[in-house]
Amino acid sequence: MTESNSEAVMLAQEKIEQKPPSMYKILLLNDDFTPMEFVIEVLKIFFSMNQEQATRTMLEVHMEGVGVCGIYSSDIASTKVMQVTEFARKNQHPLRCIMEEN
């Protein structure tokens, strides 16, 4: 086998073996203590939502008990969960943020 053919075979195998990374939903969980305005602020700061999107998602969290903030790769999702949780704690709110495989 020539060198160029073996390179082509290796490239083809790499394409077959690569699959897209698993994606994770970031969820905010409702509680009876975190103010709605704070949830909207979190959604705007950490998930780049505008006022209308943030309000809609906050109402979903409030009415359904859980709301989807976005879908990200594992590293990004875990970083956002950590950032939201830390921000909530610094502001003395019990807001819970979790991730689950999409």
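1. A surface patch here is made of residues with over 30% relative accessible area and no salt bridge, nonpolar side chains being joined within 5 Å. In this predicted model, M23, V68 and I71 make a nonpolar surface patch of about 220 Å². M23 is found in strand β1, which covers residues 23-29. With a relative accessible area of 34%, M23 is partly exposed, so M23 passes the 30% cut-off for patches.

2. On overall layout, the chain has four helices and three strands. Read from the N terminus, the order of the elements is α-β-α-α-β-α-β. Of the 102 residues in the chain, 30% are buried. The exposed area of the chain is about 7000 Å², and carbon and sulfur atoms supply 53% of that area. Among contacts with a separation of 6 or more, 72% come from residues 24 or more positions apart.

3. On the core, nonpolar side chains tend to be buried together in soluble globular proteins. The largest nonpolar core of this model has 22 residues. I26, L28, V42, L43, F47, V84 and L95 are the residues with the most contacts inside this core. At least two core residues are supplied by each of β1, α2, α3 (51-64), β2 and α4. Helix α2 gives the largest share, seven residues.

4. I26 deserves a separate entry. Leaving out residues up to four places away in sequence, I26 touches F47, G67, V68, C69, G70, Y72, A77, K80, V81, C97, I98 and M99. F47, one of these contacts, is itself among the core residues with the most contacts. V68, also touched by I26, is part of the nonpolar surface patch.

5. On aromatic pairs, the count comes to three. A pair of aromatic rings is described by the distance of the centres and the angle of the planes. For F46 and F87 the centres are 5.4 Å apart and the planes are at 65 degrees, so the pair is edge-to-face. This pair links distant parts of the chain, with F46 in helix α2 (residues 36-47) and F87 in helix α4 (residues 74-90), 41 residues apart. F46 has 13% relative accessibility and therefore counts as buried. Ring pairs link F38, F46 and F87 into a cluster.

6. F47 and Y72 form a further aromatic pair, with 6.4 Å from centre to centre and 40 degrees between the planes, and this pair is tilted. The two residues come from distant parts of the chain: F47 lies in helix α2 and Y72 in strand β2 (residues 66-73), 25 residues apart. Both F47 and Y72 are buried. Both residues are also touched by I26.

7. On salt bridges, a search of the whole structure finds three. Side chains of opposite charge can pair when their charged atoms come close. E100 forms one of the bridges with K25, and the closest N and O atoms are 3.4 Å apart. This bridge links distant parts of the chain, since E100 is in strand β3 (residues 96-101) and K25 in strand β1, 75 residues apart. E100 is partly exposed, with a relative accessible area of 34%. K25, at 21% relative accessibility, also counts as partly exposed; the cut-off for buried is under 20%.

8. The surroundings of K25 should be read with that bridge. Not counting residues up to four places away in sequence, K25 touches V68, G70, I71, I98, M99, E100 and N102. V68 and I71, both on this list, belong to the nonpolar surface patch. The C-alpha atoms of K25 and G70 are separated by 5.8 Å, although the two residues are 45 residues apart along the chain.

9. Two salt bridges lie within helices. E52 forms a salt bridge with R56, with the closest N and O atoms 2.8 Å apart. E52 and R56 are four residues apart in helix α3, so about one helical turn separates them. At 57% relative accessibility, E52 counts as exposed. The side chains of K90 and E86 meet in a salt bridge at 3.4 Å, N to O. K90 and E86 both lie in helix α4, four residues apart, about one turn of the helix. K90 counts as exposed at 62% relative accessibility, whereas E86 counts as partly exposed at 41%.

Definitions and conventions. Residues are numbered from 1 along each chain as its sequence is written. This is a predicted model: local features need pLDDT of at least 70, side-chain atom pairs count only at pLDDT 80 or more; totals for chains, interfaces and linings use all residues. Side-chain values use heavy atoms; hydrogens and water are left out. Rings of Phe, Tyr and Trp (its six-membered ring) pair if their centres lie within 6.5 Å; planes under 30 degrees apart count as stacked, over 60 as edge-to-face and the rest as tilted. Buried means under 20% relative accessible area, exposed over 50%, partly exposed in between (1.4 Å probe, protein chains only). Patches are made of residues with over 30% relative accessible area and no salt bridge: like charges are joined within 9 Å, nonpolar side chains (Val, Leu, Ile, Met, Phe, Trp, Tyr) within 5 Å. Accessible areas come from the Shrake-Rupley method with a 1.4 Å probe; for residues, only the protein chains shown count as cover. A salt bridge is a side-chain nitrogen of Lys or Arg within 4 Å of a carboxyl oxygen of Asp or Glu. Contact means heavy atoms within 4.5 Å. A nonpolar core is a set of buried Ala, Val, Leu, Ile, Met, Phe, Trp, Tyr and Cys residues joined through side-chain atoms within 4.5 Å.
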